[in-house]
Amino acid sequence: MCTYSRPSNQLKATRSPIIHTSIKNIKRTQQMLRHTISNMDRWQNRVAVVTGASSGIGSAIVVDLVNAGLIVVGLARRVERVKELQKLVPAGRRDKLIPIQCDVGNEASVKAAFDAIEQQLGGIDILINNAGTLQDGRLVDMPISQVQQTVQTNIMGIVMCTQRAFASMKKRNFDGHVVLINSILGHKLFGPTPDVAPQINMYPPSKHAVTAMTEIYRQEFMGLGTRIKITSISPGIVDTEILPDGVREAVQQTMLKAEDVAQAVHFALATPPHMQVHEMIIKPVGELF
């Protein structure tokens, strides 16, 4: 049998470009990672507005962004609870958290809050649309006023706040970021339980609307000549006040924490200017749906 061995100098010549390319790729990846990690620097002392800031996911986002070096306006109906969050940030940054009373479902309240933000801080650079509501009841027989409240908060609240934030960003020619806190229920529904009528009524339809709105906003932001980013973050079940007791009991410990969602927001904001996280779905390990 005849065998052929490539001369060692040819072997080196063949392998060297591959090794060189691999090293270049590794270095490029490391540079990208460092760039992403450090990219929160461009948000230092920029103004982030967080709706629904008095509890749960909103509170966690507020604390994280203040600690990351941003000026954060916490909007909530229960504004006194936003003030309590100042105890959770370093003393030297407590003045960077600005609580403002606002009901995002009320047009006059939204106007007053955003007027105050622009007068005091000059504009809005980031908007986190987090405020949401889940009412007890079934669509077939619940009070219409409660159905309307869900639509007004979960859909129209986003529309009204985003209009003001977008106008501020575009007027100043600033490449800002709008984040919509969506839900896994904005993509699919739980399977039915025999002989049980669910009581999540308008919540999933309102979140499906948020999923569609995300793409509408992306197209509008692009079509109007801006580089403003839009991101939808859809968590699975999160252990917050809004979670019905029955669901909490059913899933037991298979839940996300509010801080997990805040980390997802942080990641989306830290992406480089050319990169947009359009939709992020995060689920607790072991979730059954």
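**Exercise 1. Find the loop that holds N45 and describe the residue.**

Step 1. N45 sits in the loop between α1 (8-38) and β1 (47-51); helices (H or I, at least four residues) and strands (E, at least two) are DSSP runs, numbered from the N terminus. The model is predicted: local features need pLDDT of at least 70, side-chain atom pairs count only at pLDDT 80 or more, and totals for chains, interfaces and linings use all residues. Residues are numbered from 1 along each chain as its sequence is written, and side-chain values use heavy atoms, with hydrogens and water left out.

Step 2. The phi of N45 is positive, about 65°, although N45 is not a glycine.

Step 3. The relative accessible area of N45 is 46%, so N45 is partly exposed. Buried means under 20% relative accessible area, exposed over 50%, and partly exposed in between (1.4 Å probe, protein chains only).

**Exercise 2. Describe N173 in the same steps.**

Step 1. N173 belongs to the loop between α5 (144-171) and β5.

Step 2. N173 is not a glycine, yet has a positive phi of about 55°.

Step 3. With a relative accessible area of 71%, N173 is exposed.

**Exercise 3. Place R94 and list its contacts.**

Step 1. R94 is found in the loop between α3 (79-84) and β3.

Step 2. Its relative accessibility is 35%, so R94 counts as partly exposed.

Step 3. Leaving aside neighbours within four places in sequence, R94 is in contact with Q86, K87 and V89; contact means heavy atoms within 4.5 Å.

Step 4. N67 is 27 residues from R94 along the chain, and their C-alpha atoms are separated by 9.6 Å.

**Exercise 4. Give the strand order of the sheet and identify its edges.**

Step 1. The open sheet has seven strands in the order β3-β2-β1-β4-β5-β6-β7, with parallel pairing. Two strands pair if DSSP finds at least two bridges between them.

Step 2. β3 (97-101) and β7 (279-282) are the edge strands; each has a single partner strand, so one side of each is left without a neighbour in the sheet.

Step 3. From one strand to the next, the twist averages 15°.

Step 4. At one edge, β2 (residues 71-76) and β3 pair in the parallel sense over five bridges, and L75 stands opposite I100 in β3.

Step 5. At the other edge, β6 and β7 pair in the parallel sense over four bridges; P235 has I282 in β7 as its bridge partner.

**Exercise 5. Sort the side chains of β7 by face.**

Step 1. In a regular strand the side chains alternate between the two faces of the sheet.

Step 2. In β7, M280 and I282 point to one face and are buried, whereas E279 and I281 point to the other and are not.

**Exercise 6. Which strands do helices α6 and α8 lie across?**

Step 1. α6 (residues 203-223) lies across β5 (177-181) and β6 (229-235), at about 165° to β6. Axes are lines fitted to C-alpha atoms, for helices over the stretch in contact, and angles run from 0 to 180 degrees between N-to-C directions.

Step 2. α8 (residues 258-269) lies across β4 (126-129), β5, β6 and β7, and runs at about 155° to β5.
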